[in-house]
Amino acid sequence: MLPQVLPRIFKVISLALSRLLEFSMQHKVGESGQQQVTGRLAMVLALTRCAPLLLSHAMRSRGVTLEQLEERILLIAEVTARSRQQRRERERRRREASLGRGR
C-alpha cells in the first residue's frame with residue numbers, strides 16, 4: 001500500500017510547496033511587513049512538515065527500515081541532549097568561577 005500512497009503524498013506536498021513558494025515570492029514594494037513574514041512563515045511551516053516524510057522516504061530507498069531510522073533519530077537526540085547539558089554545565093561553572101573571583 002505504501003508504494004501507492006507515497007506518490008500521492010509527494011504530489012500534495014509539491015503542490016502545497018509550489019503554492020507557498022508562489023505566495024512568498026509575491027513580495028511587492030508596497031507590501032506590509034506582516035505579509036512578508038506570513039509568506040516566510042508559510043514556507044518554513046511547509047518545509048518542516050514535509051522534512052520527516054522526505055527523510056523517511058530517502059532512508060527507506062536506501063534499505064533502512066523504520067525501526068533502524070527510529071534508532072538513528074533517538075541516537076541523534078541523545079547526543080544533542082548530552083551536548084546541550086555539557087554546554088549548560090560549562091556555563092554554570094564559568095558563572096560560579098566569576099562569582100568566586102568577585103568576592
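**Helices and salt bridges in a predicted model**

Colleague: Let's start with E91: does E91 count as buried, partly exposed or exposed, and at what relative accessibility?
Modeller: This is a predicted model, and here the cut-offs help: buried means under 20% and exposed over 50%. E91 falls in between, so the residue counts as partly exposed, at a relative accessibility of 35%.

Colleague: Nice. Which residue forms a salt bridge with E91?
Modeller: The partner sits three residues away in helix α3, so about one helical turn separates the pair. That partner is partly exposed, at 47% relative accessibility. The closest N and O atoms are 2.6 Å apart, and the residue is R94.

Colleague: And what is the N to O distance between R82 and E78?
Modeller: These two are four residues apart in helix α3, so about one helical turn lies between them. R82 is partly exposed at 42%, and E78 is partly exposed at 45%. Their side chains meet in a salt bridge at 2.8 Å.

Colleague: Which residues does the salt-bridge network join?
Modeller: R92 and E96 form a salt bridge, with the closest N and O atoms 2.7 Å apart. Both lie in helix α3, four residues from each other. Salt bridges that share partners make one network of E89, R92 and E96.

Colleague: Which element has the highest mean pLDDT?
Modeller: The chain has three helices and zero strands, and its average pLDDT is 77. Helix α1 has the lowest mean, 71, while the highest, 89, belongs to residues 66–101, helix α3.

How values were computed: Residues are numbered from 1 along each chain as its sequence is written. This is a predicted model: local features need pLDDT of at least 70, side-chain atom pairs count only at pLDDT 80 or more; totals for chains, interfaces and linings use all residues. Side-chain values use heavy atoms; hydrogens and water are left out. pLDDT is the predictor's confidence in each residue, from 0 to 100. A salt bridge is a side-chain nitrogen of Lys or Arg within 4 Å of a carboxyl oxygen of Asp or Glu. Buried means under 20% relative accessible area, exposed over 50%, partly exposed in between (1.4 Å probe, protein chains only).
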